[in-house]
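Q: I'm new to this one, so could you take me through a single part slowly? I'd like to see how two helices sit together, and then how that part fits into the rest.

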Amino acid sequence: MSAPKGRAAPSDMRLPPRGRDQPRRTGTVATDRLVYDLTGIEHQYDALLDELPGTRIRFALKACPVDEVLRCLTARGAGFDAASPAEIEQALRAGAHPDHIHYGNTIKSDHDIAQAHRLGVRTFATDSIQDVTAIAAHAPRARVFCRLATSGDGALWGLNRKFGCAPDDAVRILGTARDAGLVPAGLSVHVGSQQMTGEAWQQALDALAGTLTALAGRGIAPDHVNLGGGLPALGYRDRRGNPLHPPLDKIFTVLREGMERLNALVPAPLGFVLEPGRHLVADHGVIRAHVVRLTERTQPDGGRARWLYLSVGKFNGLYEMDQVTHPLVFPGRETEEHVPAIVAGPTCDSDDAYGAGRYPVPVPASLASGDPVRILSAGAYAGSYTTRGFNGIRPLPTVCTRGQEGHH
Ligand SMILES: Cc1ncc(COP(=O)(O)O)c(C=O)c1O
């Protein structure tokens, strides 16, 4: 797969020379690991800023709470979208200034708010009167931005219903914030994770424009708009193993035009914040795992099917494997005969399978237990969505490398 112009190529698309990674037939998981290519992440960050110049990037660290990755993004100038006091502490440890961290979770207890405030964070997301009242009590004079609801249409994970309010509510909430001594500083949206359409952004920008106008009628002039996460990874495949082809160029065009349009509505230029998670890290994380076994059996419908069980699955790195599939590379096996097999993880849970266990993909026919496999575009939410000890399986170790080393 070649990367679109001006964009960092998903890491580990090339194979190492033969012999450097010969199949191992140990049958152990000792060498399994999640490998991040820091150079790839840096290029991805730079490419995003090239596309949307002037925006402030606040990496949604839930997507990759790995200290080395956070330090590398801090050095590049990124701040962080944190979802809890523990994430704020991790961002601070990575060297971020508290002014470059916001508490982006609309769901927080009084204790969480007070703790974030103690840690120096002064900007909070909100979407209800109850939450904004609590912020006023436990983080006096803080800045708040109100999250507008989106439909989630067009995204693989919609993030709708649980978060965000209607524009009318946003006007009331920011009015309450002002009356309570807070700074009604902004509006935000999240169009849903791995958003696959430009239209979703268009609708979100329309809602932002309408709300900014309504706020102006109440004498409230936010200083920024937070466009959230949702920017897609490029390397995923769908449940059937076909490339997804997210229309990234179109999305960037919609965003550039939308930002201009919003700025035309307000007296002073708005700041724009982005909270990318998977877009920065997904394509630059590779899981190095191994084959447990390739089997063939009669299925309940009477047909024969092959199943390829890998040492890594839904519970130890591929939590999203029922919704997206990740390209698999079997080093040195490209020219061998391939057969269709349903790919699944090692546990005794039937959710632990690519495409809900329905769609076979081509795999080398001669795979044996212990053979190595690389699982590409696996860097987002891999570690953070890992279970601890299900079936006795421990979380994957994480390794950060640079450039070619990321291909090991
Ligand atoms: C508030 C917020 N911002 C940003 C993100 C990152 O989203 P994505 O990984 O789609 O970029 C999330 C993900 O859940 C989120 O909840």
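A: Here is a look at one helix pair, followed by the chain around it.

Before that, two notes on reading it. This is a predicted model, where local features need pLDDT of at least 70 and side-chain atom pairs count only at pLDDT 80 or more, while totals for chains, interfaces and linings use all residues. Residues are numbered from 1 along each chain as its sequence is written.

Two packed helices are described by the angle between their axes and the distance between the axes. The pair to look at is α7, residues 198–217, and α8, residues 248–265. Helices here are DSSP runs of H or I with at least four residues, strands are runs of E with at least two, and both are numbered from the N terminus. The axes of α7 and α8 come within 9 Å and cross at roughly 10°. Those axes are lines fitted to C-alpha atoms, for helices over the stretch in contact, with angles running from 0 to 180 degrees between N-to-C directions. That crossing makes α7 roughly parallel to α8 (angles under 35 degrees count as roughly parallel, over 145 as roughly antiparallel, 65 to 115 as roughly perpendicular, and the rest as oblique).

Now for who meets whom. On the α7 side you'll find Gly198, Trp201, Gln202, Leu205, Leu208, Ala209, Leu212 and Thr213. Facing them from α8 are Lys250, Ile251, Val254, Leu255, Gly258, Arg261, Leu262 and Leu265. Being in contact takes C-beta atoms, placed from the backbone, within 7 Å. The residues of this contact divide into 10 nonpolar, 4 polar and 2 charged. Nonpolar covers Ala, Val, Leu, Ile, Met, Phe, Trp, Tyr, Cys and Pro; charged covers Asp, Glu, Lys and Arg; the others, Gly among them, are polar.

Stepping back, the chain has 9 helices and 18 strands. Its radius of gyration is 23 Å, close to the 22 Å that the globule rule gives for 408 residues, so the chain is as compact as a globular protein of that length. That radius is taken over C-alpha atoms, and the rule is 2.2 Å times the number of residues to the power 0.38. Along its principal axes, the C-alpha trace spans about 70 × 40 × 40 Å. Of the contacts in the chain with a separation of 6 or more, 73% are between residues 24 or more positions apart.

Notes: Contact = placed C-beta atoms within 7 Å.
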